[in-house]
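Here are my notes after a pass through the model you sent. Have it open in your viewer while you read.

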Amino acid sequence: MVCVGDVLSQPHCRLQSLWCPSPEKTIRWVATSDLIDPTPFLEGDELLLTTAQELVDASTQQWNSYIKRLQRHSVSAIGIASDIAVDNIPTAAIRACKRYHMNLFDVPKQTPFVRITRMVAELVHSEQKEGEQRFLHAQGHIIQAVRSMDPLSSCIDVLGKELMCHVALISATKRVLRAHPTHHSIESDSAQRLVEGLQRQSMVNYHKHWAFRCETNTQGYCALVCTSKQNLARWQTDLLHSASLLLGFFLDTQADLRAQSKKLLHHSLLCALQGDLSTTRLLAATVFPLAQPLDNHCHICVIDSQSHNNSFLFDDIIDRLVNLVSPHTPPIIAGMEDHQLVIAISPRLLPFMRSTIDNICTDESLRAGIGPKVTLSDLAHSLHAARAALRITSSDEPVITWQQLRSDDLLRLIGLDTMQTLSQELKNNLRDKELYHTLTSFIHNNGIRSTIAGELGIHRNTLLHRLKKIEEKLDVHLDDPGVRARLWVALQG
């Protein structure tokens, strides 16, 4: 990419800079014109050479209008020949260039315009040749990246390093799929404009972002976005364009592979719940050939939402959790069961995945219950526990583990209606306040007679008489654990 500074630095042309606030501006070609308005013949990014013959006696206002027109048509610099039409560059011209931030230099009499034109042509040709070499070099690295385990991430990394820019692949929903560096993000407004612009054309430039359309059959289209403070050279835009075609192909291929992998993961989960552990391990190893073997113990996580049409969102969640599996960790198995996403997670993976699950549930207004650690053969038990924990989640606490359940959570688990029904039934059958108070003490002290008698301040025989009357009125045996559990719930109402 030939810049104004490159032209000024050529010693054989002996150009003298009079005002050069933007030496990094691109020069794509040289235009020569003495017209008072040459802009109809300009395309932008030119170096304009002139003798200023039509502006010999121009006023400050005329110079301002002339330079303003050039600035609006993206002229990169203007070179005025001195000692031809004018002895010296007019002060009004210098002031106008300063006002409109136009690069200005003096072309001495002994430097013909054709020498400058030839010099720029040689620089452009050299830059194009160098660009072709860099393009081929970078393309070779991209071909190597294609052979990696994660071609999408590898290609984006290669592009970022070769272009020395921030590069990201974003979906039509403005979600960053891959980025270099990995923490790179794009402002919401810029992402919106780029994605919308690619609906109508294959390349969009907005606020130092260059976006190229990646056509896919499965996801509509994605955007390959390069962020650079400088204009991109031709070889850079060519590289991004060819990469966008390649990435579109890989997105489709990856989508097909993901769909097949998810089917295998779901079948693996079903086999585990049915006790077929050998098939479960075989399928998990097929999906994750580089991961550690499936653990002997797992937690079940159940994710649910208010809507029954969340297959796309649940697929995205599986993708995010699958990306956390590495050669140093065991795999996960997952699938849809009764409109819920069910995931079996190793205890070693759960601490890393828990924060991701928390963030997903918060951002997407989902709920999740996590069951206890169990053996693979007892996975159904963890599933029931996870669903029980899921039932007591709330908007304030969208993720609950079975271990978090406390006595008040058990009441929420049982349900307010059940508790109130049992409570009202007890009050109807045991109206005597003395007996009711005795029963309360009996439940709270786990049926230990001596402790109950001491708490109530009565003789043991008196206590035994009251307990017998309670049993008769309620038609129960107080030493039955199930009866005690039901009475404890009733007393909470």
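The points below go through the sheet, the hairpin, the helices and a few single residues of this predicted model.

1. Let's start with the sheet. There is an open sheet of 5 strands, ordered β7-β6-β10-β9-β8, and the pairing is antiparallel. The edge positions go to β7 (176-180) and β8 (203-206); each has a single partner strand, so one side of each has no neighbour in the sheet. Going from one strand to the next, the twist averages 20°.

2. Inside that sheet, have a look at the pair β9 and β10. Strand β9 (residues 209-215) runs antiparallel to strand β10 (residues 221-227), and 7 bridges join them. If you want a residue pair to check the register with, E215 sits opposite Y221 in β10.

3. Which helices go with the sheet? Helix α5 (residues 151-163) lies across β6 (166-170), β7 and β10, and runs at about 40° to β7. Helix α6 (residues 188-197) also packs on the sheet, where it touches β6, β8, β9 and β10. The direction of α6 makes about 150° with that of β8.

4. Between edge strand and helix there is a backbone detail to look up. H180 and P181 are joined by a cis peptide bond, with omega about -5°. P181 belongs to the loop between β7 and α6, and H180 is the residue at which β7 (176-180) ends.

5. Staying with α6, click on S188, which lies in this helix. Is S188 buried or exposed? At 57% relative accessibility it counts as exposed, because the cut-off for that class is over 50%. For a long-range distance, take S188 and A77: they are 111 residues apart in sequence, and their C-alpha atoms are 35 Å apart in space.

6. Next, the hairpin. β12 (residues 333-337) and β13 (residues 340-345) pair in the antiparallel sense over 5 bridges. The hairpin they form has 2 residues between the strands, and D338 in the turn has a positive phi of about 55°. On the β13 side, Q340 is the bridge partner of E337. Why call β12 largely enclosed? Because 4 of its 5 residues are buried, the rest of the structure largely encloses this strand.

7. Q340 also gives you a link to a helix. S311 lies in helix α9 (residues 311-322), and the C-alpha atoms of S311 and Q340 are separated by 9.4 Å, with their positions 29 residues apart along the chain. S311 itself is partly exposed, at a relative accessible area of 45%.

8. For helix-helix packing, try α7 against α11. The axes of helix α7 (residues 234-273) and helix α11 (residues 379-391) come within 8 Å and cross at roughly 105°, so the two are roughly perpendicular to each other. On the α7 side the contact involves L269, A272 and L273, which meet L379, A380 and L383 of α11. The contact residues divide into 6 nonpolar, no polar and no charged.

9. Helix α17 (residues 481-491) has V483, L487, V489, A490 and L491 among its buried residues. At its start, a side-chain oxygen of D480 reaches to within 2.9 Å of the backbone nitrogen of G482.

10. Two more positive phi values turn up in loops. R14, in the loop between α1 (4-8) and β1 (16-19), has phi near 55° and is not a glycine. It is partly exposed, with a relative accessible area of 47%. N446 has a positive phi of about 55° and is not a glycine either. You'll find N446 in the loop between α14 (433-444) and α15 (449-456), and at 57% relative accessibility it counts as exposed.

11. One last residue for your list is R72, in helix α2 (residues 60-72). With a relative accessible area of 60%, R72 is exposed. R72 and R320 are 248 residues apart along the chain, and their C-alpha atoms are separated by 47 Å.

Key:
Residues are numbered from 1 along each chain as its sequence is written. This is a predicted model: local features need pLDDT of at least 70, side-chain atom pairs count only at pLDDT 80 or more; totals for chains, interfaces and linings use all residues. Side-chain values use heavy atoms; hydrogens and water are left out. Buried means under 20% relative accessible area, exposed over 50%, partly exposed in between (1.4 Å probe, protein chains only). Two strands pair if DSSP finds at least two bridges between them. A polar contact is a pair of N or O atoms within 3.5 Å; within protein, one must be able to donate a hydrogen and the other to accept it, and residues adjacent in sequence count only if both atoms are side-chain atoms. Axes are lines fitted to C-alpha atoms, for helices over the stretch in contact, and angles run from 0 to 180 degrees between N-to-C directions. Contact means heavy atoms within 4.5 Å. Angles under 35 degrees count as roughly parallel, over 145 as roughly antiparallel, 65 to 115 as roughly perpendicular and the rest as oblique. Ala, Val, Leu, Ile, Met, Phe, Trp, Tyr, Cys and Pro count as nonpolar, Asp, Glu, Lys and Arg as charged, and the others, Gly among them, as polar.
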